Amino acid sequence: MPIPNHQLYSPFRTTLSSSSSSSSHSFTSKILLLLTILPVSLAAIAFILQWRGGITDPATLSSPRGSHHYFPGMEPSPLSHVSHNSHSHSDCVNLGRTNSPSFPYYHNWKLDFEASLTPKICVTTSTSAGLEQILPWMFYHKVIGVTNFFLFVEGKAASPEVSNVLESIPGVKVVYRTKQLEEQQAKSRIWNETWLAGFFYKPCNYELFVKQSLNMEMAIVMARDSGMNWILHLDTDELMHPAGAREYSLRQLLLDVPGHVDMVIFPNYESSIERDDIKEPFSEVSMFKKNYDHLPKDTYFGMYKDSVRGNPNYFLTYGNGKSAARIQDHLRPNGAHRWHNYMKTPNEIKLEEAAVLHYTYAKFSDLTSRRDRCGCKPTKEDVKRCFMLEFDRTAFIIASTATEEEMMKWYNEHVVWGDKDLKMKLLRKGVLTRIYSPM
């Protein structure tokens, strides 16, 4: 009896099927094993390379071409004790002793395009602040187009751990308040003129105002020698806000200024803090009180009482803004807020959108730091001899006579904006505004 074909070949088919299944299973196992071993091996290699320092720090990938050095203060070597005349790099103890960036800034700040920037802008300041305030302030202005900084330092800013870092940054000139500098400034023609005479030989704020003016006079010469086109005088609690330019750039803003203009006025906006525990104003404060020059008159006068909140004036401190001057012959300072010219009346313009952001009394500790810088007696009569502004006088007396608890209460009543309804009302009216760009 013939055997059917399907029965004749069925053992062969069963054997073939079993063999094929076994081969497929073996191949799958090898693939799974390879997929398991490969990532483990790569992770091990990466760990070894990173441990040995063989992997490029991803943070450096965003650095400009040619910038392969540590950010000043990040070198892992011990702090070197060098003199003020040394230009070698040093660590900053306050920034830590690791290779991790303490500030999210470009390593070494060597921006290749600086040589071709037009116009060239410099900022001068007189400061006793530490790196935690100076470096963010400098970096922000570097980003918006400032090319050079002339820093007149004393106090903490003149200490080796701060000044060595500042001197290592390209485009920064550090000037120390030495006996030689004071003797040089004592010969300035400013002492023989009347426009600053009312501030001479008085302590605290008056002394600072004169010192700033003398430093500004020297900065003009430095700016000319460095080939600068514009100069600004700013404090390290102030940031330029180049609103209204085609891009968020001070360089672009000044580039668009007509050639016949000698000076540009920037009205100031004052920080309006919403908490009493601010530590880093530049990154924590977003609300500002607009200058009256940028408000309709009916809004300013109509909202004045709500805006003042029982304080002496519309602003806690100054209200006349700051200015940028075109570098030219016979330029001179005209106090800390303006420039002038010995041979002519400068042609000036006031900008309608750009401003200088003043972070005044933004930290509770500003109360005591201002007190500690002045040796005046905390009486109503003596503070008039030391401070120009009424709020500064009151704050000095409070900081000198009140307990910590009383100071905090006063600070919340006069500086902190805690009333949500009032904030919303003034924001809607345009008296207060939100500015997030510096953050």
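In this predicted model, strand β11 gives the largest share of the lining of the second largest cavity, namely 3 residues. The elements that contribute two or more residues to the lining of this second largest cavity are β9 (322–326) and β11 (339–341). Its lining is made up of D262, M263, A325, R326, Q328, L331, W339, H340, N341, K344 and P346.

A search over the whole structure finds 2 cavities of 30 Å³ or more. The largest cavity is lined by 14 residues, and E270, S271, R309, L316 and W417 are those that lie nearest its centre. Two or more residues of that lining come from each of β7 (268–271) and α9 (304–308). The volumes and the classes of the lining residues are set out below.

| Cavity | Volume | Lining by class |
|---|---|---|
| Largest | about 80 Å³ | 6 nonpolar, 5 polar and 3 charged residues |
| Second largest | about 50 Å³ | 5 nonpolar, 3 polar and 3 charged residues |

As general background, rolling a probe the size of a water molecule over the atoms shows where empty space is left.

Strand β9, which gives residues to the lining of the second largest cavity, is also part of an open sheet of 7 strands, whose order is β3-β2-β1-β4-β9-β6-β12 and whose pairing is mixed. The edges of this sheet are held by β3 (172–176) and β12 (348–350), and because each of them has a single partner strand, one side of each is left without a neighbour in the sheet. Direction ignored, neighbouring strands of the sheet are turned by 20 degrees against each other on average.

At the β3 edge, the partner is strand β2 (residues 148–153), which pairs with β3 in the parallel sense over 5 bridges. Within this pairing, L151 stands opposite V174 in β3. Two helices are placed against this part of the sheet. Helix α3 (residues 160–167) packs on the sheet and touches β2 and β3, with its direction making about 145 degrees with that of β3. Helix α2 (residues 131–143) lies across β1 (121–127), β2 and β3, and runs at about 155 degrees to β2.

Two local backbone features, both in loops, deserve a separate mention. A cis peptide bond joins T118 and P119, with omega at about -5 degrees, and P119 is found in the loop between α1 (5–51) and β1. The other feature concerns H330, a residue other than glycine whose phi has a positive value, near 70 degrees; H330 lies in the loop between β9 and β10 (331–333).

How far the coordinates can be trusted varies along the chain, and the confidence values should be kept in view when any of these features is used as a starting point. The mean pLDDT of the chain is 84, and 78% of its residues reach 70 or more. Over residues 1–20, however, pLDDT stays under 50, and for this stretch the model has 1 contact beyond four places in sequence. Over residues 53–103 the pLDDT is likewise below 50, although this stretch has 82 contacts in the model beyond near neighbours in sequence. Where pLDDT is low, the predicted coordinates should not be read in detail.

Note on methods:
Residues are numbered from 1 along each chain as its sequence is written. This is a predicted model: local features need pLDDT of at least 70, side-chain atom pairs count only at pLDDT 80 or more; totals for chains, interfaces and linings use all residues. Side-chain values use heavy atoms; hydrogens and water are left out. On a 1 Å grid over the protein atoms alone, a cavity is a set of points where a 1.4 Å probe fits but cannot get out, and a pocket is an open set with protein on both sides within 12 Å along at least five of seven lines; lining residues have an atom within 4 Å of a point. Grid points are joined across faces, edges and corners, and a volume is the space filled by probe spheres set on the points. Helices (H or I, at least four residues) and strands (E, at least two) are DSSP runs, numbered from the N terminus. Ala, Val, Leu, Ile, Met, Phe, Trp, Tyr, Cys and Pro count as nonpolar, Asp, Glu, Lys and Arg as charged, and the others, Gly among them, as polar. Two strands pair if DSSP finds at least two bridges between them. Axes are lines fitted to C-alpha atoms, for helices over the stretch in contact, and angles run from 0 to 180 degrees between N-to-C directions. Contact means heavy atoms within 4.5 Å. pLDDT is the predictor's confidence in each residue, from 0 to 100.
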